[in-house]
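Open the model in your viewer and keep the selection panel at hand. Each stop below says what to select and what is there.

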Amino acid sequence: MRSIAIRRTAVAATVVSLALLATACGGSDSASDQGAGDKGAKGKDSAAAAPAVKALSAAELGKVALAQGDVKGHKVSETAAKDTLPVDKIKTEKEVCSPLVRALMGSQVGDPAAFTKRTAVSEPKKSDPAKQDAKDTLKAMLDITTTQLALGSYDGKGAQESLGSLRTAATDCAGGFEFTADGGKQKVTEIVEEQVKGGEEAAAWTVEVEQDGEKMRFKLAAIRQDTVFVSFSSMNLGMVGSGEDFDLPVAVVEAQSEKLA
């Protein structure tokens, strides 16, 4: 049985996609989502005199998260709390791999002081049924990428450490490992590094996951801007179960990065 995290994402993508298809020939949905330190000691440990870096509040974090209208060709919405998998429902055979699975499932990485989520769904590509057979038309309609954006704001160096732990996991766990998400046993079979830009730091990978003999690919990206760490976990509705690849949602990453700058 597919894990609940994957099921919820696929169902959410389907619902949003049908809504987009219904309005493809009309207008788009207009609804929106929502000094320096003390330098008294000359020439000595100025960094130690600097004030501690504080996390953004929940309200502040919500204001810098993507909203509807921020990404062309995408529908953006606030993610319901029930669609966020609690970290205690995620288990890995290797603890070092835990940050990668948490990011993959759109859950918290590290210990953020504030946390929020958004879902960005690409609009289906327009196609001409008169020039395609039914199979190709359906494939075009389902060629929709859903991205879970998990934003966390951290005190001190928490954001840097979260991205660092994700990079370490991608390197140390590249050979594959098993994990459990809400009781569903799965296995990461491959991690391949991708290129992405954004924030003060950025990283990305293609992650192949196998469950019950069925493989599917995710695109996983992350950026860090000041005290904010954002993970982007993407899947393509039309590629579920096919093992085929799809493009990293660069437009979503860039839009979120610009909003944080």
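## Stop 1: a serine in the last helix

Select S257, which lies in helix α7. This is a predicted model. Is S257 buried or exposed? S257 has a relative accessible area of 12%. The cut-off for buried is under 20%, so S257 counts as buried.

Now show what surrounds S257. Leaving aside neighbours within four places in sequence, S257 is in contact with G198, G199 and I223. Add E200 to the selection. S257 and E200 are 57 residues apart in sequence. In space they are 9.1 Å apart, C-alpha to C-alpha.

Extend the selection to the whole of α7, residues 250–260. The buried residues of this helix are V252, V253, A255, Q256, S257 and L260. What covers them? The cover includes α3 (58–64), β1 (74–78), β3 (114–122), β4 (145–153), β8 and β9.

## Stop 2: strand β8 and its partners

Select β8, residues 214–225. Of its 12 residues, 9 are buried, so β8 is largely enclosed by the rest of the structure.

Add β7, residues 201–211. β7 and β8 pair in the antiparallel sense over 11 bridges. To see one of the pairs, pick V209; its bridge partner in β8 is M216.

Add β9, residues 228–236. β8 and β9 also run antiparallel, joined by 7 bridges. Pick I223 here; its bridge partner in β9 is V230. I223 also appeared at the first stop, as a contact of S257.

## Stop 3: two turns

Go to the loop between β7 and β8, where D212 is found. β7 and β8 form a hairpin with 2 residues between them. D212 has a positive phi of about 50°, although it is not a glycine. Is D212 buried or exposed? D212 is exposed, with a relative accessible area of 63%.

Next, move to D226, in the loop between β8 and β9. β8 and β9 form a hairpin, again with 2 residues between the strands. Phi of D226 is near 55°, a positive value in a residue other than glycine. D226 is partly exposed, with a relative accessible area of 45%.

## Stop 4: the disulfide

Show cysteine sulfurs. How many disulfides does a search of the whole structure find? It finds 1. The bond joins C97 to C173, with an S to S distance of 2.0 Å. C97 lies in the loop between β2 (90–92) and α4, and C173 in the loop between α6 and β5, so the pair ties together parts that are 76 residues apart in sequence. The torsion about the S-S bond is about -100°, so the disulfide is left-handed. Both C97 and C173 are buried.

## Stop 5: the cores

Select F177 and show its surroundings. Beyond neighbours within four places in sequence, F177 is in contact with T92, E93, C97, L100, V101, Q186, K187, V188 and I191. C97 in that list is one end of the disulfide.

Now widen the view. The largest nonpolar core has 31 residues. Those with the most contacts inside it are L100, F177, I191 and V207. Which elements each supply at least two residues of this core? They are α4 (98–104), α6 (158–172), β5 (177–181), β6 (184–194), β7, β8 and β9. The largest share, 5 residues, comes from α6.

A second, separate core has 22 residues, including A120, L151, I223 and V228. In soluble globular proteins, nonpolar side chains tend to be buried together.

## Stop 6: the whole chain, by confidence

Show everything. The protein has 7 helices and 9 strands. Buried residues make up 45% of its 261 residues. The accessible surface comes to about 13,300 Å², of which 51% belongs to carbon and sulfur atoms.

Colour by pLDDT. The mean is 82, and 74% of the residues reach 70 or more. Where is confidence lowest, and where is it highest? The low is in helix α2 (residues 46–49), at a mean of 43; the high is in α6, at 98. Finish with residues 1–50, where the pLDDT is below 50. Beyond near neighbours in sequence, this stretch has 62 contacts in the model.

Technical notes
Residues numbered from 1 in each chain as written. Predicted model: local features only at pLDDT ≥ 70, side-chain atom pairs only at ≥ 80, totals over all residues. Heavy atoms only, no water. Core = buried A, V, L, I, M, F, W, Y, C linked by side-chain atoms within 4.5 Å. Buried < 20%, exposed > 50% of the residue type's maximum accessible area, 1.4 Å probe, protein only. Helix = DSSP H or I, 4+ residues; strand = E, 2+ residues; numbered from the N terminus. Contact = heavy atoms within 4.5 Å. pLDDT = per-residue confidence, 0-100. Areas by Shrake-Rupley, 256 points an atom, 1.4 Å probe, with all protein chains shown as cover. Pairing = 2+ DSSP bridges. Disulfide = S-S within 2.5 Å.
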